[in-house]
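Work through the exercises below with the sequence and the predicted model at hand. Each task is followed by a solution in steps.

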Amino acid sequence: MEILKAIAASPGIAIGKVFLLNAKRIKTIKKKIAPEDVPREKERFERAVCRIEDQLKQLISELPEEIKEHSNILKSHILMLRDKMVYDKSLHLIETRQVNGEWALELAMDEIKALFSSIKDSYIRERLEDIGFVVNKVKAELAGTETRLDLSSIDEPVIIVARNLSPADTLHISKEKVLGFVTELGSRTSHTAILARSLGIPAVVGLDDITSKCLSGEMIIVDGLLGQVVVEPDQEALREYSLKQEKYLAYRLEVIHNSNLPAETTDGYRIKVKANMELVEEIPIVIQHGAEGVGLFRTEFLYMTSKTLPTEDQLFSAYREVVERLKPYPVTIRTLDIGGDKLATTICCEEEINPALGLRAIRFCLHEKGLFRAQLRAILRASAFGDVRLLFPMVSGKSEMVQVKRLLGQIMDELESEGKDFNRQIKIGIMIEVPTAVLTADILAREADFFSIGTNDLIQYSLAIDRVNEAVCHLYEPLHPGVLRMIKMTVDSGHREGIEVGMCGEMAGEPLYVPILLGMGLDELSMNAMAIPKTKKIIRQSDQEECSRLVSELLGMDSATQVKERAIEFFRTHYPPDMETTDFLEFGQGIR
Amino acid sequence: MKAERKVVILNRLGLHARPASRFAQTASNFQADVWVEKDGISVDGKSILEVLTVSCPTGSEIVIRAEGPDAQEAVEKLASLVASRFGEID
């Protein structure tokens, strides 16, 4: 038995027999040809290209309905096949260099490789792989070898092990015959991995040398959740993985069936469960997992990817799309939460010794008014298209909120005089993540419509711990009595002033903390979408009265260790054992 | 006939595989020669591979240039394709 680790490309567990695709590299036969043979060689080449083109077209027309949307990958393969750098160039080389078609193709490919290797964008560089698939198909066709993946000899479902699978091969894979696959090449964003995910076939890619480590007919396990492959598993591993497979399937079923049930405790306490998100691609995941809206929409992406600052219109169209697609659910948009050092452009920024305590988030925005103004205008304009809420990060006290609200008022007047639609009653929230914001929560509550506790930073700032620093990271303790008191204090201050208090940090999506947060009386939890079904399940099995008794007990304890022990004990006695594990969440976290 | 137009790439991932292939495909429907120019480098707009190699992240400015009988039409069509984010919701 051997356990190997590579890239998790598509979630799920597959257990079965290996079907080794002999990835013999097609050896290019290089031949010089006589001048009089040039026309015939060109014709032979053209015929091969036509046949491959026909094959691809046929494959497109045969695609099953559920993966029709991926036909554009194959269409782009046809374009590549006919691209002048491939097609015209090869014909030209056959004539000028008097070489056979295979050789000409290889020379053309060398030139393309050189050109692509200098591209900085890794996503585009990876398209070289697609060109390679197309070129290899033509080469094989010229050599007279079958290029299509032939699974007709298979009579029982298998796990395909190959050096690489082309998108065309992957699309050939029918779910009945293929349980999963493992390849030596590929990445999470290669087309093959994307296809595996939409076909729902577990896959691990980027596993060096796997084709020489197993034989057809041998047992193999593919764990597409953790990116692990077990070659020739022993009885114990087989048992363990069948169990994990069962659990995963049950989990998937539950996601589908139960994620839309309300998050209500047995004694009728209703809490809102929302998702944190950043990319538009996440919207289907957010909806599918039963989120009641987005509690934290991070807006840094557009600022970190482009060399120029995004314009108001670019931001507006991005926000509007998210808002419209999630309608009628509310979307809480958090304004820029980074400092100048993280921006792709260099607008200001002196070198800072301690960026975590430096010019970032709301401080940075109030310093860079032009940038902030554009973002606020874009968010306000998006508020005409659905339920939008505004959230300001890293507020340390009232004076910042006074400045923010003054600016917001000016912008609203501006928009109004320009005749642009927006919601003047837009709800304004403060992110509670600086200890002084907790201590002045009663004052801040009068300046806002809601609070959202950002636990990651709150814990870091109150314990004075840099989580990335290995020497101190063991002190990062969400259950520190000081942290619990701060959460409690924020909730109580907010409620006394009649505003809602939510939480959007990592702590909100951790099963162990859910009973504690329920007991604290939070109104909303926002988390990674993948964590929502499990969180809802825990909430639906909880009794809020009992949870608040637990919290009173925990608040009286004097160390994080003691609190943690009690929390674990409570969890064990109140919830079934399978709910402690968060294995299935790991895959989703890579998506971000 | 010559025509040209400056446009901004709005797709979140820039001019990646799918938009590049739509661009090349659309350009190929015109008789006019089409070029894409960015930062002084000009490539054949009908070649998906050449269009890919100019690597245009979101927000980058490109010039679409065409020369031929239907140059004006080609530039307009391609500019509106870029403006519509290639019909992608991304």
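**Exercise 1.** Determine how many bridges join strand β7 (residues 219-223) of chain A to β8(A), and in which direction the two strands run.

Solution. Step 1: four bridges join β7(A) to β8(A), and the two strands run antiparallel. Step 2: to fix the register, take A:Val222, whose bridge partner in β8(A) is A:Val229. Step 3: look at the connection; the hairpin of β7(A) and β8(A) has four residues between the strands, and A:Gly227 there has a positive phi near 75°.

**Exercise 2.** Find the strand of chain A that four bridges join to strand β8 (residues 228-231).

Solution. Step 1: the strand is β1 (residues 2-5) of chain A, which runs antiparallel to β8(A). Step 2: for the register, A:Glu2 is placed opposite A:Val231 of β8(A).

**Exercise 3.** Give the strand order of the closed barrel in chain A.

Solution. Step 1: the barrel has eight strands in the order β9-β10-β11-β12-β13-β14-β15-β16, with parallel pairing. Step 2: ignoring direction, neighbouring strands of this sheet are turned against each other by 25° on average. Step 3: as one example of a pair, strand β10 (residues 294-297) and strand β11 (residues 331-334) of chain A run parallel and are joined by two bridges. In that pair, A:Phe297 stands opposite A:Ile333 of β11(A). Step 4: add a helix; α21 (residues 532-540) of chain A lies across β9 (272-277) and β16 (524-528), at about 160° to β9(A).

**Exercise 4.** Which elements give two or more residues to the side of chain B that touches chain A?

Solution. Step 1: count the contact; 22 residues of chain B meet 25 residues of chain A. Step 2: the elements on the chain B side are α1 (17-28) and α2 (48-53) of chain B. Step 3: sorted by class, this side of chain B holds nine nonpolar, eight polar and five charged residues.

**Exercise 5.** Are helix α2 (residues 71-81) of chain A and α1(B) parallel or oblique to each other?

Solution. Step 1: their axes come within 10 Å and cross at roughly 50°. Step 2: angles of 35 to 65 degrees fall in the oblique class, so α2(A) and α1(B) are oblique to each other. Step 3: the crossing of α2(A) and α1(B) is left-handed. Step 4: α2(A) contributes A:Asn72, A:Lys75, A:Ser76 and A:Leu79 to the contact, and α1(B) contributes B:Ala17, B:Arg18, B:Ser21, B:Ala24 and B:Gln25. Step 5: by class, these residues are three nonpolar, four polar and two charged.

Terms used
Residues are numbered from 1 along each chain as its sequence is written. Chains are lettered from A and ligands numbered from 1 in the order in which they are written. This is a predicted model: local features need pLDDT of at least 70, side-chain atom pairs count only at pLDDT 80 or more; totals for chains, interfaces and linings use all residues. Two residues are in contact if their C-beta atoms, placed from the backbone, lie within 7 Å. Ala, Val, Leu, Ile, Met, Phe, Trp, Tyr, Cys and Pro count as nonpolar, Asp, Glu, Lys and Arg as charged, and the others, Gly among them, as polar. Two strands pair if DSSP finds at least two bridges between them. Axes are lines fitted to C-alpha atoms, for helices over the stretch in contact, and angles run from 0 to 180 degrees between N-to-C directions. Angles under 35 degrees count as roughly parallel, over 145 as roughly antiparallel, 65 to 115 as roughly perpendicular and the rest as oblique. A crossing is left-handed if the near helix is turned anticlockwise from the far one by less than a right angle, and right-handed if clockwise.
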